[in-house]
Amino acid sequence: MPLNAADIDQAVRRLGGEIADRARAAGVQRDLAIVAIRRGGVHLGQRLRRALTQALGAEPPFGTLDIALYRDDLAEKGAAPVIGPTDVRFPVDGKTLVLVDDVLYTGRTVRAALDEIVDFGRPRRVWLAVLVDRGGRELPVAADFVGARLEAAEGDDVQVRLVESGAAEDSVVVRRRGT
Amino acid sequence: MSQTLFIEGGRVIDPANGVDGVRTVVVRDGVVAEVAERLERPRDARAIDARGRWVTPGFVDLHVHLREPGQEYKETVETGARAAVAGGFTAVCAMPNTRPVNDNASVTELVLARAAAAGLARVYPVGAISKGSEGQELAEYGELRAAGCVALSDDGRPVASSALMRRALEYARAFGLPLTVHEEDLALVGKGVMHEGPTSTRLGLGGIPAAAEDVMVLRDLALAELTGGRLHLAHLSTRGAVRAVREARARGLRVTAEVTPHHLALTDEAVAASGYSTDFKMNPPLRSAEDAAACLAGLADGTLDAIATDHAPHSPVEKDVEFDAAANGIVGLETAFPVCLELVRRGALTERRLVEALTCGPARAFGLPGGTLSRGVPADVAVLDPGAAWTVDPERLRSRSKNSPWKGKRLVGRCTITLVGGRIVHEEAAAAT
Amino acid sequence: MIGRHKHLLGLADLSREEILEVLDLAVSMKEVLRRPIKKVPSLRGRSVVNLFFESSTRTRSSFEIAAKVLSADALNWTASASSVTKGETLIDTARNLEAMRPDVLVIRHSAGGAPRLVADHVSCAVVSAGDGAHEHPSQGLLDCFTLREKIGTLEGKIVTIVGDVTHSRVARSDLNGMTRLGATVRLCGPPTMIPPGVEALGATVHHDLREAVRGAHAVIMLRIQHERIGDPLIPGTREYSKLWGLNARKAEEWLDEGCVILHPGPINRGVELAPEVADGPRSVILDQVENGVAVRMAILYLLAGGNAEETRA
């Protein structure tokens, strides 16, 4: 498998360090906030929050975003996607938001998330942190912080499985098309 | 002079003469010449092969709305008469709620003239009980009778005033005319549009309680007793009404009554099942299963004398609207036989009783000629195929209107040949679809 | 829900799961209504047409707001009561509106079955906003939503509906929805206002208000029409109010502590509800209004989304 538990743990720690460094360099370590994209980014976001807390000595606010109401493919998908709660309780204006998701693929989810965030206010800047970048972009979206890059073909399914969601152990698996 | 006809091999059912068996019916010079087993057919006589069929007197319908004069876009005397013979009916009584109402000789004569021109089913006009059917003043029964009316009715409306109903029953005695009455207490009906019960509650539609019919039936039975008049109760639909008639008869009161095929075959549940279809909206409304069963039992035991269709044509303008706003009524001449035959198949009615209720039963109720195959009577005959399956195609119905709850449904039983006065006025193609 | 239902004409047509689907979705919708920017792009480019044959500011506005929050275009068409004698038939009106290619037609009409008739003649989705005395499905759903929010799951709870049930489409929708969610529903009112055979729909009937609200977790008060010409069901509002109205004393003495009070509005203050009760601590009437928008958003979202599937095919 592409990533095992140890790889993931190392990646999260490294991401935390990189984000902390960049925040300090920009002088915004006190204005950070994490916004995790449901559902894949939530547990990852919480891990990153802990890593950042350790690196910065202060706990950044945490929110979750459900982008279902902002999708651009409602017409194609037809059936209502499962919508969970968006929960962003802190003011967004002026903050440096760290948008977190598990896998970056076409970029459409991130686009929807950005649309939704600006409806909450005007952040100072938005950084994107993902555990896995599998390529295959359909929109001009790039991650600022990447845990690992993977080669995956269209039709392959890249899954991040974490123990918080019930997996026996952390892993990233790629299911090739047709298997 | 028309050709002599030998209707051979059919099962002749003529309840008036107690006949039920394979016979040959001979029609000569427009009358029934003979009904017997094994008759020798002369060469110049035409044979009609009735094997596997029933041969009965032509049906008599005491209650149809032909809409002419005034609403010819729904039906005319001619199109109605054509629908009648297609359904096996050789005589129909045309209700007076035309526009203008038939409360005078002119309208009566118009209807008769149209019927004669059509040359299909016999049409017996029914005159109004009150002028304009407004329920205020008596119409001129003498004039109506002289013009050709065979009965009186304000159908479509009840005679709300008890005083007027009493006088009408009395006055009509001088002319030997029966009153055929539409029984409903308008105050109890209110804004109701279907039978009041669990179904109307579920659908959120205004309900018409069975009592609305019962109170008027009871009233008019009392008035018939008071006046000695001839009372005929139109389209009964409730068990209360049937019970009241049964009790009145047992006491020796003269009263006759009719029931429609739809009140025997359908219930209020059909309104729900059809999703508020207005093809199930009529007055009186389809009632509960208990009411329908009571009407069927009443027909079977003779309490109810006749099956009458209450054929009520309406165009899409009146029917393709929300249920509350739709006009009441359905067409029924062409579906009556198979719908009632289904009741026979279910075991609720005997074949003989069915034919009786369509022929001599109604004829006797109004004192009309017809309804029998007695020797010497005009040859009004129906040849029916009880096993013919067909789908009710609105385009192929002879009636100008297509408001039937059996639209698109498959029915079994069809009239294949109809004779009026010895002439063939209807013939269905051999292979029914 | 979309796959199975193209329209929403009544809660009698929905299963328990389908009702819960709408309620769960409405939770997310309600969150959107609490944001500073109350807009999501989900139904952008879709249009919702309100075809109201009965005047109603509140329900119509609620649907309009719901559509707009979802970024759909909303159009209001208020017609006078449809009648052949007044000109255009119901079907003609609906077909003419259809020419504007709406995605959803929201229709309110005084005749039961009218939305069904329209649905049979148009190709877009149809939502009933109330038809005669038949159903008012979005009201039923928002009442279920409000109850779930206030008293938790409806399974095993007792709900009492008080008023003119015979003429109430809200009562029928509440009854249908709440029984499907497992509640026990009691109907209370004078005998003239309880329709025949209503027990078959799953309710028990009471004429004594005190008995009817004993142990209830929620009480839904219906509006009483002041006069019903030609067919008076009650001697007048004075006696009705005494026997079936809810005032502060009765609420205090007869209702359990956690029992909430609902009313579909508009309230006849002093008839079915005393002002202090309508504005009191048990009343969740204003929550109903807020929840109404969220629930209608959920309904429009579910039906407009499914509609697209249809046109693609």
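**Two contact surfaces: inside chain B, and between B and C**

Okay, so let's start inside chain B, where 29 residues of domain 1 are in contact with 43 residues of domain 2. Keep in mind that this is a predicted model.

Which parts of chain B make up these domains? Domain 1 comes in two pieces, 5–55 and 377–427, and domain 2 covers 58–366, going by the domain assignment. If you take the centres over C-alpha atoms, domain 1 of chain B and domain 2 of chain B are 25 Å apart.

Now look at the side of domain 1 of chain B that touches domain 2 of chain B. Three strands of chain B each put at least two residues there: β16 (381–391), β17 (410–420) and β18 (423–427). Which one gives the most? That's β17(B), with seven residues. And what kinds of residues are on that side of domain 1 of chain B? You get 16 nonpolar, seven polar and six charged ones.

Right, on to the second surface, the one between chains. Here 26 residues of chain C meet 18 residues of chain B. On the chain C side, the helices α3 (90–98), α4 (114–119) and α6 (169–180) each supply at least two residues. The largest share on that side of chain C is from α4(C), and that's three residues. Sorted by class, the side of chain C that touches chain B has twelve nonpolar residues, nine polar and five charged.

So if you want to find your way around on screen, pick out β17(B) for the contact between the domains of chain B, then α4(C) for the contact with chain B. That's me done, thanks!

Conventions:
Residues are numbered from 1 along each chain as its sequence is written. Chains are lettered from A and ligands numbered from 1 in the order in which they are written. This is a predicted model: local features need pLDDT of at least 70, side-chain atom pairs count only at pLDDT 80 or more; totals for chains, interfaces and linings use all residues. Domain bounds come from an automatic or database domain assignment. Two residues are in contact if their C-beta atoms, placed from the backbone, lie within 7 Å. Helices (H or I, at least four residues) and strands (E, at least two) are DSSP runs, numbered from the N terminus. Ala, Val, Leu, Ile, Met, Phe, Trp, Tyr, Cys and Pro count as nonpolar, Asp, Glu, Lys and Arg as charged, and the others, Gly among them, as polar.
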